[in-house]
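Colleague: Please take a close look at one strand and its surroundings. Start with how the copies relate, then go to the strand.

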Protein chains: 4
Amino acid sequence: MSDYVLSDLQHGKAECRLVTVDRGEGGRHTLRDLNVTTQLRGDFEIAYTEGDNAHVHATDTQKNTVFALAREHGVAGPEAFLLVLAEHWRAQPWVSGTWLHAESYGWERLPANGHSFVRGGAGVRTAWVQTWGEQTHVLAGLRDLVVLKSTGSEFHGFPRDRYTTLGETDDRILATSVSATWRYAPGATDLPWDDVHATITAALTDAFATTHSLALQQTIHAMATAALDACPEVEEIRLSCPNTHHVLVDLAPFGLDNPGEVFVAADRPYGLISASVARSGEPVPQAWVGLPGTLA
Amino acid sequence: MSDYVLSDLQHGKAECRLVTVDRGEGGRHTLRDLNVTTQLRGDFEIAYTEGDNAHVHATDTQKNTVFALAREHGVAGPEAFLLVLAEHWRAQPWVSGTWLHAESYGWERLPANGHSFVRGGAGVRTAWVQTWGEQTHVLAGLRDLVVLKSTGSEFHGFPRDRYTTLGETDDRILATSVSATWRYAPGATDLPWDDVHATITAALTDAFATTHSLALQQTIHAMATAALDACPEVEEIRLSCPNTHHVLVDLAPFGLDNPGEVFVAADRPYGLISASVARSGEPVPQAWVGLPGTLA
Amino acid sequence: MSDYVLSDLQHGKAECRLVTVDRGEGGRHTLRDLNVTTQLRGDFEIAYTEGDNAHVHATDTQKNTVFALAREHGVAGPEAFLLVLAEHWRAQPWVSGTWLHAESYGWERLPANGHSFVRGGAGVRTAWVQTWGEQTHVLAGLRDLVVLKSTGSEFHGFPRDRYTTLGETDDRILATSVSATWRYAPGATDLPWDDVHATITAALTDAFATTHSLALQQTIHAMATAALDACPEVEEIRLSCPNTHHVLVDLAPFGLDNPGEVFVAADRPYGLISASVARSGEPVPQAWVGLPGTLA
Amino acid sequence: MSDYVLSDLQHGKAECRLVTVDRGEGGRHTLRDLNVTTQLRGDFEIAYTEGDNAHVHATDTQKNTVFALAREHGVAGPEAFLLVLAEHWRAQPWVSGTWLHAESYGWERLPANGHSFVRGGAGVRTAWVQTWGEQTHVLAGLRDLVVLKSTGSEFHGFPRDRYTTLGETDDRILATSVSATWRYAPGATDLPWDDVHATITAALTDAFATTHSLALQQTIHAMATAALDACPEVEEIRLSCPNTHHVLVDLAPFGLDNPGEVFVAADRPYGLISASVARSGEPVPQAWVGLPGTLA
């Protein structure tokens with residue numbers, strides 16, 4: 001046992017449900033609703049090998065730090081707040097790196113007044129800040145953004161082998177739940193994050209809608225390139241999209257036709273397609289450690 | 001064993017994921033996205049006692065019927081489609097009643113064209129049609145409608161016993177996930193269901209927003225009465241609402257104040273409050289069999 | 001609005017995750033792991049109509065009471081502990097009734113010592129105690145008990161109408177996730193609850209296994225009667241069981257037969273079958289208010 | 001756009017719910033219950049860039065292949081079956097690599113006969129086979145294995161900074177839900193997989209139980225080294241474990257002590273600790289692409 005090699009140490013507090021209220025002016029409140037996870041990397045071996053916690057920033061302390069820094073620095077959004085946390089932890093002893101993550105949930109203002117909200121549902125916004133020593137990587141994305149096209153999607157020309165039974169189609173429903181993660185350029189640590197995120201999200205959904213699709217692969221590529229086109233600070237984007245099959249129901253046994261009207265939405269199995277599109281070919285694997293869509 | 005009494009028989013197909021596309025005119029498609037469950041009541045005892053299926057409308061047949069009737073009659077919405085199913089099954093042998101349910105998922109049109117959509121998330125629309133012989137009950141509702149007020153909520157004046165530690169407050173976050181179910185008047189089987197549902201939903205959220213709340217109970221009562229005020233065809237409404245606690249974080253150990261800015265959103269336990277409000281006091285228990293919020 | 005009728009008031013704390021350790025003797029610990037919900041009924045109208053909390057036992061107080069009574073009385077199991085809570089709340093002002101629920105999660109002892117456990121997974125044990133004034137109803141059950149027979153199940157002889165396509169079979173997989181709830185006789189408030197629950201669970205699974213099934217309905221009836229046979233204190237049992245379809249895959253397109261070997265487990269839709277079996281025909285609807293399987 | 005770099009292409013069918021019955025002899029059936037995902041890597045660029053599917057093995061074909069190969073080769077377990085799939089896909093045109101995953105669900109035999117089962121719940125067994133050209137990597141693991149020690153766990157000696165409030169303890173509940181993934185030696189492609197998996201699982205739970213824990217980190221290290229000790233074919237193991245906090249309830253406000261008896265099980269936030277332990281220091285990053293616990 002003494003020869004085994006210990007590596008990839010991380011510890012922290014996961015899923016701190018931080019909600020902040022900025023009471024603004026004129027009774028118009030602003031909400032931030034985050035789910036924050038902090039993970040530290042560093043000189044923590046003796047906790048593992050000997051149970052010696054002298055270097056272990058307790059996960060409870062990490063939680064307290066989330067809430068205290070939220071008060072001290074405010075929460076201007078997931079990316080900005082994770083950068084605050086990153087600067088704090090970079091300065092602490094025994095810490096060589098951080099893996100910081102936040103989900104952000106959207107709320108829409110109700111018309112009645114400035115302090116009432118309904119939670120919106122078009123996907124969850126995500127962000128990561130990852131540091132390795134002095135290096136800082138900012139990534140953002142979204143998940144569970146469910147989109148559907150009721151026409152404008154074909155699928156044919158695929159190879160047919162012994163196990164192929166699928167028919168070709170020139171008109172089908174195309175539906176997916178988009179998971180996208182993108183990496184910002186190294187210097188881009190002070191962007192108008194909310195605006196940038198909205199711009200990229202719009203580029204993704206617009207490309208989904210306007211691409212006449214011959215394959216979900218093609219749609220994914222179009223979405224990724226649209227995101228890069230829309231935001232010059234994005235260096236790379238990774239998408240992973242299920243093909244949420246909507247199967248045209250065979251009504252012939254009942255003497256009925258079905259001209260693209262009645263579908264059954266299937267659960268499992270589902271297609272699963274992914275890709276990465278980068279502004280240039282220089283990979284930055286350290287930025288992607290522990291993130292979804294880490295394919296290579 | 002021979003003396004045991006068998007009752008409350010039901011069988012059917014649950015969660016038929018029916019999606020229909022109405023291609024309309026000018027390329028402007030309309031989606032309906034339902035999760036339909038059918039349950040039959042009737043003369044089915046011998047299936048239970050002897051395994052004799054001579055009276056059992058197979059659940060597979062019930063599923064086929066959902067998709068075939070969707071093509072034959074169209075899907076004008078959850079309530080209307082369940083009424084189509086109810087009329088069909090009422091006419092079949094051995095069937096004395098039905099319990100029919102649909103969830104309906106909202107899709108918002110993307111700006112690019114008439115056939116691309118993003119799934120909206122402000123709650124799930126629900127409907128039930130329940131028949132007992134010639135009687136027909138239509139109920140509708142919503143669940144998972146998450147709302148929050150960042151001020152305008154107090155809680156004090158409650159009794160203090162040996163186990164009471166909670167402090168009083170005159171300003172807190174009030175948040176909940178609304179589950180509401182309402183029953184339409186017996187004759188109301190041909191309403192403009194989409195409009196009525198939108199009107200009632202707006203009444204609920206508006207009452208939530210505008211009620212200065214001294215208790216979640218009070219807010220629930222205000223929401224229920226607003227729904228009855230908004231729609232004369234609604235005879236009764238039942239609400240069940242968790243109190244999704246947002247706890248002001250004590251930052252004093254870190255030398256920080258916290259004037260209503262930094263909260264932690266708690267998961268469990270949570271308060272749970274419910275009530276029924278009816279236009280008159282005549283209960284119709286048969287309408288509520290097997291539904292959520294069936295309190296008495 | 002002033003004429004509307006308010007009813008079915010309930011409030012309480014849901015999902016108190018109570019874990020107790022009885023350190024016993026000789027280092028052999030006993031765990032109880034419950035999820036407790038309390039709901040009070042009573043004279044609470046003014047909270048709804050005026051926001052006056054003078055009668056409202058705060059949900060926070062109800063939570064504290066769960067933990068304090070766990071220490072004062074111990075937790076001998078879900079039914080016993082809910083009865084402790086029922087006696088407490090029955091004695092408090094403005095309370096006319098209670099609805100008390102606990103889920104109980106099973107832990108199996110690891111062989112190494114007396115204080116290490118692995119969570120078992122064969123279903124979740126459930127219990128309810130419901131009081132109306134001096135009346136007390138004790139109910140118990142289980143959910144998510146997933147069972148499967150790989151043979152010994154047929155389905156044929158069902159009626160064929162215009163929408164029937166299902167073939168008959170004399171050998172299929174029968175699989176379900178059992179939800180069962182049973183009501184104990186009014187006087188049965190001091191049973192050896194753990195033993196009784198184990199006996200009934202064994203009766204249910206044994207009946208599932210040994211019944212040669214011509215319909216899931218028949219299996220459900222056999223399970224229910226077996227439970228009543230096994231425990232004379234059980235007055236009534238309700239079962240609700242999905243038919244978790246395992247579909248024999250058609251391998252003929254690949255030149256392969258499939259003699260009952262390769263199946264696909266389907267998600268949705270699924271059959272859903274339910275029934276109630278009682279020792280006698282006298283219904284006790286108040287016992288079942290707000291419980292699963294409340295069909296009539 | 002034309003300069004963007006496309007990489008990390010994958011497509012396949014996710015979550016094929018394959019259940020096989022081996023009818024054996026004497027009526028003693030054997031079940032395999034898998035959730036299989038296949039993903040192909042290769043020369044698929046034109047599908048993304050041009051919507052040309054000439055090289056795209058349709059995800060429907062990949063699904064069919066799962067079920068057909070299950071019949072042709074049998075399913076001897078998740079690792080063995082994924083190796084069958086890997087050999088098939090390695091031989092197909094345009095395929096340069098595969099990412100194959102299966103979850104395996106455990107069923108325990110009911111005593112009544114040889115063909116009735118109840119689904120067990122102590123965690124989900126996992127497996128991956130990943131190929132890059134001629135290279136084959138076999139990995140296996142488990143998730144959702146929930147374990148708890150009611151004593152034998154301490155936590156103290158951690159640094160105290162401005163944000164530290166946690167007290168030290170020399171007796172606490174230690175509970176976690178183990179996620180472990182291990183990599184087998186390159187040549188180990190024909191092991192008795194069921195036995196090996198059971199041996200490693202027992203080593204993990206035994207180390208959890210017997211380690212007097214000064215930190216969850218220490219327990220994780222002990223579990224990982226026990227697994228390597230138990231199975232010489234395991235080259236590397238990665239664990240990620242939440243610290244599922246069980247908080248001793250402060251009953252002093254009610255005049256009660258609480259000598260380690262009454263706890264509340266918290267949901268969020270939770271500690272999250274991970275590490276990798278390898279037999280030697282030579283990392284094999286290609287084996288871990290797209291797997292959980294990919295930390296570096």
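Modeller: A turn of 180° and a shift of 0.0 Å along the axis lay chain A on chain D with an RMSD of 0.0 Å (least-squares superposition on the C-alpha atoms of residues with pLDDT of at least 70 in both). The two copies are thus related as by a two-fold rotation axis. This is a predicted model: local features need pLDDT of at least 70, side-chain atom pairs count only at pLDDT 80 or more, and totals for chains, interfaces and linings use all residues. Residues are numbered from 1 along each chain as its sequence is written, while chains are lettered from A and ligands numbered from 1 in the order in which they are written.

Now the strand, E13 of chain B, residues 270-278 (strands are DSSP E runs of at least two residues, helices H or I runs of at least four, both numbered from the N terminus). Nine of its nine residues are buried (20 or more other C-beta atoms within 10 Å of the residue's own, with C-beta atoms placed from the backbone). One side holds B:Tyr270, B:Leu272, B:Ser274, B:Ser276 and B:Ala278. The other holds B:Gly271, B:Ile273, B:Ala275 and B:Val277.

E13(B) pairs with E10(B), residues 234-243, antiparallel over eight bridges (pairing takes at least two DSSP bridges). There, B:Gly271 is the bridge partner of B:Asn243. Eight bridges also join E13(B) to E1(C), residues 5-22, again antiparallel. B:Leu272 has C:Gly12 as its bridge partner.

Across the chains, 74 residues of chain B contact 74 of chain C (C-beta atoms, placed from the backbone, within 7 Å). On the chain B side, E1(B) gives the most, ten residues.

Conventions: A residue is buried if 20 or more other C-beta atoms lie within 10 Å of its own, exposed if 12 or fewer, and partly exposed in between; C-beta atoms are placed from the backbone. Two residues are in contact if their C-beta atoms, placed from the backbone, lie within 7 Å.
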